[in-house]
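Please look through the sequence and the 3D view below before reading on. The paragraphs after it go from the whole fold to one chosen position.

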Amino acid sequence: MARLNDAFRRRLSTGTVVCTDGVFAFGQEALPYILKLVQAFAAFTPDNDPHGEHDFGALNFGGERLFWKIDYFDREMRFASPDPLDPSVTMRLLTIMLASEY
């Protein structure tokens, strides 16, 4: 699972990325920097990644704490994926939000 999540997060090409209103409030010019921080995130520990899935992270930007989270949906993005390890039936969704929006 970690391998698939890392590949998606680093390339942002095999799923969908969304940001909350709080993240958009930084302005469009900030979004590329925020995405680069998410793509480069590597601070996984047993405390913040107890299942070893690399599906959640926290970082700081512009004086705010941000969270990012990967969720797994079916290919139509309507229901949970029947098998998150199978890319043929799974779409990954990366959400970037302010910690206060969680």
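What follows describes the overall fold, then the surface and charges, and lastly one residue.

This is a predicted model, in which local features need pLDDT of at least 70 and side-chain atom pairs count only at pLDDT 80 or more, while totals for chains, interfaces and linings use all residues. Residues are numbered from 1 along each chain as its sequence is written, and side-chain values use heavy atoms, with hydrogens and water left out.

The protein has three helices and four strands, where helices (H or I, at least four residues) and strands (E, at least two) are DSSP runs numbered from the N terminus. Along the sequence these elements follow the pattern α-β-α-α-β-β-β. The C-alpha atoms fill a box of roughly 40 × 30 × 25 Å along the principal axes.

Of the 102 residues, 38% count as buried, a word that here means under 20% relative accessible area, with a 1.4 Å probe and protein chains only. The accessible surface, which comes from the Shrake-Rupley method with a 1.4 Å probe, is about 6,000 Å², and 55% of this surface belongs to carbon and sulfur atoms.

Where, then, is the place of Thr 95? Thr 95 lies in strand 4, which covers residues 91–98, and Thr 95 counts as buried because its relative accessibility is 14%. Leaving aside residues up to four places away in sequence, Thr 95 touches Val 18, Thr 20, Phe 67, Trp 68 and Lys 69, where contact means heavy atoms within 4.5 Å.

Notes
Buried < 20%, exposed > 50% of the residue type's maximum accessible area, 1.4 Å probe, protein only.
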